[in-house]
Every structure is written in structure tokens, then in C-alpha cells.
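Biologist: I should like to go through this structure with you. Could you show it first?
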Amino acid sequence: MGKVVVSAAVICAAAVCAVAAAVVVRRRMQRTKRWEKAMAIVKDFEEKCGTPTWKLEKVADAMTQEMHAGLAASDSQGAPTMLKMLITYVSNLPSGDEKGLFYALDLGGTNFRVLRVQLGGGAVVNQEVSEVSIPLDLMVGTSEALFDFIAAELAKFVEQEGPEFQLPPGRQRELCFTFSFPVMQSSIASGNLIKWTKGFSIDDAVGQDVVAELTRAMARKGLDMRVSALVNDTVGTLAGGRYSNKDVVAAVILGTGTNAAYVERANAIPKLRGLLPKSGEMVINMEWGTFWSTDLPFTEYDYVLDAESLNPGEQMFEKIISGMYLGEIVRIVLCKMAEEASFFGDIIPPKLKIPFTLRTPDLSAMHHDTSSDLKVVDTKLKNILEISNTSLEMRKVVVQLCNIVATRGARLAAAGILGILIKLGRDKIKDGEKQRTVIALDGGLYEHYAEYRKCLENTLKELLGEEVSESIVIEQSNDGSGIGAALLAASHSQFLEVNKS
Ligand code: ADP
Ligand code: MG
């Protein structure tokens, strides 16, 4: 009898063990399946983001073609072209002899800066900067609120100045307004806003003259200042770059958004023919964020990003290469992995579902994590997305995603630069002569995301070949746009004669 009970108990225990073992095996199989599914998503994404050399060459050629088309259309009322190729009315870049006290305001995408620069005819004698981040509510509020904020910051800056910065009676303070959104200029110091980009959406400012808006806001604050130039950051960077290096022919911004400007021959611009001397030059603001080509490797995730953005269907080049969007692309991919492959377990982490929670600086911090256990990735996932208990394998996958997105962006940015070099005829060595070409690069993405920067530079070398690359230099501009803007305020000063004397 006792034997029977014991045997039954043994059988029961064995059965329980077998069931438990089966559960463990099933769970393990489930985990393996989920992992495989997640890896399939990553692999598919990586393939679709591919930027082989031949593809980049096609992108560069398309960029050159669109530059031609945009220039040709600049005087017609025909169908709008993809690249606006805007005339900036900057035809003389600063000579370097500029003198005096000038101001620059810089409204980019994330921060607003006020600068005061004392130019000593060949050198910057003194400069001071104040920077604040643009309050999010002002990016989608009213025109008056945004311009009042700008004027108030400027007034605060001027009020704190010492007596050494007071100008002689009758002499107005002059400034250059660096306004980095697409503007159709009608002169060096006036221009109407075409549209907002980079997350701004203020309807009543579209179509308005931004200098007039700023002038009215300054008057409301009792500021007696004159806007002598209106430029964007690419033009400021180009002017600043040229001041320190005569070989600078183009400038590219890789920050919240992206854009490029370059020096064009005046007679290549139909609208200017006959207005400028044949040998004249004109800086063209490409607004290259609008560029699009069938060879751009868009994925389903990019379309999700585009659909949720404030400007669907617009700024497609900007949306795959610039700082505002790179973190968001990775978030969308991780979200799909969580939803379809339970990458982070049975529950989708709620924070992961919120657009723009993962920012590009977080991406670069994770991408640059050199610790053996990827501690930075672990901390970022915990602090930003509230995802804990990730395995090292999972963290490696996150880094892989950062790499895929940054590599695609940087390689496409390099292809864009090649497009400009082709347009300028500087992508090849002519008659055995090595003409030095410098491109000024600026923006928080380029400055702080080392892997992105390295990849861009290596890709440009790959595209140009060793020999040509030797004479083409990318120069990081050290706050070139601010100095450049002050120089442009000086070279367009109404007191120019006084400066010269
Ligand atoms: P803006 O483009 O607004 O004028 P910046 O040139 O300073 O301003 O660029 C800011 C952008 O640069 C941020 O929106 C961000 O996308 C990117 N950025 C800033 N810091 C980093 C970083 N550490 N790593 C990667 N990207 C960064
Ligand atoms: Mg900027």
C-alpha cells in the first residue's frame, strides 16, 4: 500500500517536473522566436537604409540637376522647383577690413542667441554672446509673441552693456538678423517668410516680412536699432568661413535642421543677368532640406515620422539627415520591435510610444558608449524610456540602430556636398591643377556627433577618390555664423563710409 502511494507521488512529481520543463522550453522557444523576429526587423531596416556608393553618386547627380533647375526657374513664375535656390543679395562677402561694433541675432531651431562683435579691421577684437532655448509654446504661437520674445532678449542684452559699448550720438546700433527658415528676399535687409520648418508653425507669420516684424517688436520694446542685413545660418557661416579662409566656397549646416549655401557666378542666374558685372558673384541659399530623389533610401519608419510631423511631405532630405529627426527614427523602429516582437517584454514601454522622446543627443551618447557593458545605453533607456532590465545583447541592438540611422544620414549629407562640388566643377582635377576648395560646416549635429562627423568625412573621401580629396577640405566653423552675420551687418552698414574713414 505504502509503496503504491510513494510510486504515485513520484509519478506526480515527475509529471509536474515534465510540465515545468515543457513550460521552460516553450518560454525559451518563444523568446528565441521573438528575438529572431526582432532581428529580422533590424536586418530589413538596415538593408533598406543601405547607401552604396553608386546610390550616393546618383543622389549627388540628382542634387546637381535640381540646382540647375532651381536657378533656371528663379526668374520665372512657372511651377515651383524642388530646390528654391534663393538669391540672398549677398554678392560681396566680407573683405576682412570691416570695423566697428555690430550685433547679430540668431534664430535657428532650438536656441536663440544675441551676439555683439567688435570688429577691428582684420580681427575680432571682442565678442559676447547670450543664448537661451526657444520656449516650445512660442514655436507654435503667434508671430507677435515670437518677435516680442526676440526683442525682449535683445533689450536685456543691450541694457547690461558697459559704457565702452555706447555708440556716439546719432549713430544707431546695427544688427544682422540670422533667421534660418526659408525666406524670399527682396533686398539684403528684407524678405518674406515662405514657410516654417523644424517644428515651428506660426500661421500669421507666413508671407510676412520678417525684418518688418522684428523692427516693430524692437519699437515696442523701445529699442533704437536697425536691421542692416537678413541672412540665414548657412550664409552667415559662409561669410564667417570666407573671413578666415579665402578658399571657402560653400557652407553646410547640420543642426536641428539642415541647409547649404554656396557662391554662384552671377551670370548663371537668369534673374541677375545684366544686373551684376559678368564676373560678379552671388551667394545662393539652396534650402536643400526640400531635396527629394527616388534614390533616397526611405523606409516605412520614415513615412511614419513624416506623417506625424507638422509638415508632412515636406523637407524630406532634412527628415533623414538632420538632428531634429534621427532620434525619432530610432524610437519608431524600437516601437515596432516592441509591438511586433515584444523586444522589451510583454508590455510595450509606454514612454516609447511618445513621439520625440528619444532625442538625437541621446542617440549620439548611446552610439559613443565605449563601456564593455554599455552602461550609457542602459542609463539612457532607463532614464528616458523607463525601460529597465535590458540584456547586453539588447543594448547592442540599440547601438546598431543608432549606427544605421546616423550612417545613412551622414552618407547622404556627403552625397549632397558632392552635388554642390559637381555644380561648381570642383569634383575633379582640372588641367592637373589642384584647386583648393573649403566647405564650412556648422551645427550641433556635426559638432557633437563624432561618429556622424567621421562617417560624413570618410564618405566624401570615398566619393571623390584619394587624389581629389587632397584638395577638398571640410572645415568646422567655430561659431562662424555669428561672426559672419556681424561681418555682414558691417558690410551692409548705413555708416559704411564712416567705417572706412
Ligand atoms: P540650431 O540648429 O537650432 O540652430 P544647433 O546648431 O546648436 O542649433 O543644433 C542643435 C541640434 O544639434 C539639436 O537639435 C540636436 O539635434 C543636435 N545636437 C546637439 N547636441 C548633440 C549631441 N550631443 N549629439 C548629437 N546631436 C546633437
Ligand atoms: Mg544654428
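Biologist: How much surface does the chain expose, and what share do carbon and sulfur atoms supply?
Modeller: This is a predicted model. The chain exposes about 22200 Å², and carbon and sulfur atoms supply 53% of that area.
Biologist: And what percentage of the residues count as buried?
Modeller: The chain has 501 residues, and 53% of them count as buried.
Biologist: How many helices and strands are there?
Modeller: The chain contains 17 helices and 13 strands.
Biologist: What box do the C-alpha atoms fill?
Modeller: Along the principal axes, the box is roughly 120 × 55 × 45 Å.
Biologist: What share of the contacts comes from residues 24 or more positions apart?
Modeller: Counting contacts with a separation of 6 or more, such residues account for 71%.
Biologist: Let us turn to pockets. What is the volume of the largest pocket?
Modeller: Its volume is about 1400 Å³.
Biologist: Which lining residues are closest to its centre?
Modeller: The lining has 46 residues. Closest to the centre are G109, T110, N111, G255 and T256.
Biologist: Which elements give two or more residues to that lining?
Modeller: Two strands do so, β3 (111-120) and β4 (124-133). The helices are α3 (136-139), α6 (233-244), α9 (323-341), α10 (360-367) and α13 (444-448).
Biologist: Which of them supplies the largest share?
Modeller: That is α13, with four residues.
Biologist: One last topic, the charges. How many are positive and how many negative?
Modeller: The chain carries 54 positive and 62 negative charges. The mean positions of the two sets are 6 Å apart.

How values were computed
Residues numbered from 1 in each chain as written. Chains lettered and ligands numbered in written order. Predicted model: local features only at pLDDT ≥ 70, side-chain atom pairs only at ≥ 80, totals over all residues. Heavy atoms only, no water. Buried < 20%, exposed > 50% of the residue type's maximum accessible area, 1.4 Å probe, protein only. Contact = heavy atoms within 4.5 Å. Areas by Shrake-Rupley, 256 points an atom, 1.4 Å probe, with all protein chains shown as cover. Lys, Arg positive; Asp, Glu negative; His and termini not counted. Charge placed at Lys NZ, Arg CZ, Asp CG, Glu CD. 1 Å grid on protein atoms, 1.4 Å probe; cavity = no way out; pocket = protein on both sides within 12 Å on 5 of 7 lines; lining within 4 Å. Points joined across faces, edges and corners; volume = space filled by probe spheres on them.
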